[in-house]
Amino acid sequence: RLETEAARAVSRLETRLASYEDVLLAASSLFGASREVDAAEWRGFIEGMRVQQRYPGFRSIGYAAVVPEAELPAFAAKLGPRGEPVAVRHVPGFEPDPGGAAWVVQFVEPLEENRVSLGLRFDGAPAQRQAALDAAASGAMQMTATVKFVRDGAPGFILFVPVYAERPVPLEPERRVAATAGWVFAVFVQDEFFRGALGQMTPELAIRVYDDGVPGGLLLFDTGGRAEAETVVRRTVLAGREVRLEVQPGAAFPHANAALADVVTGAGVLLSGLLPALTWLLQ
């Protein structure tokens, strides 16, 4: 049963990310269908998709544009939701390379809670830059390593899906990167994401999740309350990020097993009683 539950935990993570990918791909297609998407259209799309109601867990969902350095002042002058100026600033602690194109958050929803993200330039932040480049080169959704959010310093991760300016999309990774006009992205608080996906499996199970892309494996999530040392290990790749799950029996695991044993015993007794009747009917 512990093996089965460990496989189910992996499946819950993969299924949840797949549903998020559907939202980001739909948002990416919005830019593919329209040459000019404004803040009102973006808000209307997110509200029409009912993202907050149907896909719980998003802290924000937005679009970041690739802006040539020479066009950055004109871009910032009308970046606000009503065309007002917004200051473009880099992720604290990470200076962008001078002369390179700027990757700037152009739209974000819900706007009121995440206004601080508007105008954020993240091409100088290593984790965001790597995930965005991997998404652009592969054409697939990519997840960052753990980052601290500008809004409140909470640890989390960001999902990126590329938007290409060229149709059809080039096959070569280098040409895909060059043709990238921007990214649709989604922001998640790490603990909230894993608790939303795995929290219902406690207290029967104790689950630890590690990022195996980091030397030694960085602990991402821990339910705590482990009752026994027996451990089942499962590995998976979540949007390009290698993770390891260690699943152990939790405090309620023995009781759940006992209940399952009672069900099996009851079914066995019932079948034993029905077999003579079935034999008689066949005769």
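The following paragraphs describe a four-stranded sheet, the helices lying across it and a nonpolar surface patch in a predicted model. Residues are numbered from 1 along each chain as its sequence is written. Local features need pLDDT of at least 70, side-chain atom pairs count only at pLDDT 80 or more, totals for chains, interfaces and linings use all residues, and side-chain values use heavy atoms, without hydrogens and water.

The open sheet has 4 strands in the order β10-β9-β12-β11, paired antiparallel (strands are DSSP E runs of at least two residues, and helices H or I runs of at least four, numbered from the N terminus; pairing requires at least two DSSP bridges). Because β10 (218–222) and β11 (232–238) each have a single partner strand, one side of each edge strand is left without a neighbour in the sheet. The twist from one strand to the next averages 25 degrees (axes are lines fitted to C-alpha atoms, for helices over the stretch in contact, with angles from 0 to 180 degrees between N-to-C directions). Strand β9 (residues 205–211) is joined to β10 by 4 antiparallel bridges, and V209 has F221 in β10 as its bridge partner.

Helix α1 (residues 2–33) lies across β9, β11 and β12 (241–249), at about 15 degrees to β11, whereas helix α8 (residues 190–198) lies across β9, β10 and β12, at about 50 degrees to β10. Contact here denotes heavy atoms within 4.5 Å.

Helix α9 (residues 253–282) contains L271, which counts as exposed at 52% relative accessibility (exposed is over 50%, buried under 20%, partly exposed in between; 1.4 Å probe, protein chains only).

Methods
Patches are made of residues with over 30% relative accessible area and no salt bridge: like charges are joined within 9 Å, nonpolar side chains (Val, Leu, Ile, Met, Phe, Trp, Tyr) within 5 Å. Accessible areas come from the Shrake-Rupley method with a 1.4 Å probe; for residues, only the protein chains shown count as cover. A salt bridge is a side-chain nitrogen of Lys or Arg within 4 Å of a carboxyl oxygen of Asp or Glu.
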